[in-house]
Amino acid sequence: MSENQKHRRDMTRRRALVAGGGVVVAAGIGVGAVPTASAGGAAGKKPAAKPTTGEACYRLTSETTEGPYYIDADRIRKDITEDREGIPLTVRLKVIDSDTCKPLRAAAVDIWHCDALGIYSGYESLSTGGGGGAPGGGTPPTGTPPTGTPPTGTPPTGGPGGGGGGGHEEPTDDKRYLRGTQLTDKHGYVEFRTVFPGWYRGRCVHVHTKVHVGGKMTASGYEGGHTCHTGQLFFAEAAVLDSAKVAPYSTSTTERTTLDDDTIYPGNGAEGGLLTLTYPKGKIAKGVVATLTMGVDPDETHTGTSA
């Protein structure tokens, strides 16, 4: 059974999450903003400290493969941008217990993703915009015609393209940009500052995430406990097309796979990790706010590496 078939099989066993809670809008983005991929929130409203009567209780977020480029770096930080160029992106996630709907406090949330040109830190020599064979239906981005040169380098074996994530690859360098961990506050929230991800051959635009519970903070970072959720966060096509008009995204010559053609995104909206995106109409370069409520089962273990 292929990796993708296993993923689809697992999806049929999952309870569905429909992301909820209020959409969080960054200062200066409220007026004239364009919300996309609505997940039941209202643009311009800050999240309530506690669930309100209008906030529904949601179930398990879809589990997905970890992918080959995960590094347990234990870097507890809010801003993971480092020197990467791109559209500013604020990722605000709320983590709740899928059974009780109560927020999970002090859970460690990891996110990691490629940069504007499809490169992952720690794997620069393996992920220079390539990443395995592209599935049928991949289409190049529209907008400003690309002017850059095609990516070079050897695509990774079992890399992030095509078949669903492949096996884990050992890091090839010591870079750690666009990777980080935050602990949820008492209301279940974490926030990251990063850049809008680009694309690479065989996958739609996405961010990887993990949620760990039961551990504790030490001088070396978050240790112990277990991983109760491994998933991916996805971006609406309208926003991706808008980003493709802005440098450095517009310089990419890499074939782009759409959300509908992706082999990992389950096609079920916020249930599968589709983010709510808010940004000024016609001015995505000014920055994007992405929000989602993730329902996890803290008693389960989901590393995203199971056969």
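**Strands and cores**

Author: Gly224, in β7, is the bridge partner of Gly215. This is a predicted model, in which local features need pLDDT of at least 70 and side-chain atom pairs count only at pLDDT 80 or more, while totals for chains, interfaces and linings use all residues. Residues are numbered from 1 along each chain as its sequence is written, and side-chain values use heavy atoms, with hydrogens and water left out.

Reader: How do you know that β6 and β7 pair?

Author: Two strands (DSSP runs of E, at least two residues, numbered from the N terminus) pair if DSSP finds at least two bridges between them. Strands β6 (residues 206-218) and β7 (residues 221-234) are joined by 12 bridges and run antiparallel, so the definition is met. They form a hairpin with two residues between them.

Reader: How do you know that β3 pairs with β6?

Author: Five bridges link β3 (residues 108-112) to β6 in the antiparallel sense, so this also satisfies the rule of at least two. Val109 has Val211 of β6 as its bridge partner.

Reader: Why is β5 called largely enclosed?

Author: Buried means under 20% relative accessible area (1.4 Å probe, protein chains only). Six of the seven residues of β5 (residues 189-195) are buried, so the rest of the structure largely encloses this strand.

Reader: What makes a set of residues a nonpolar core?

Author: Its members are buried Ala, Val, Leu, Ile, Met, Phe, Trp, Tyr and Cys residues joined through side-chain atoms within 4.5 Å. The largest such core has 40 residues, and Val211 and Phe196 are among those with the most contacts inside it. Strand β9 (288-296) gives the most to this core, with five residues.

Terms used:
Helices (H or I, at least four residues) and strands (E, at least two) are DSSP runs, numbered from the N terminus. Buried means under 20% relative accessible area, exposed over 50%, partly exposed in between (1.4 Å probe, protein chains only).
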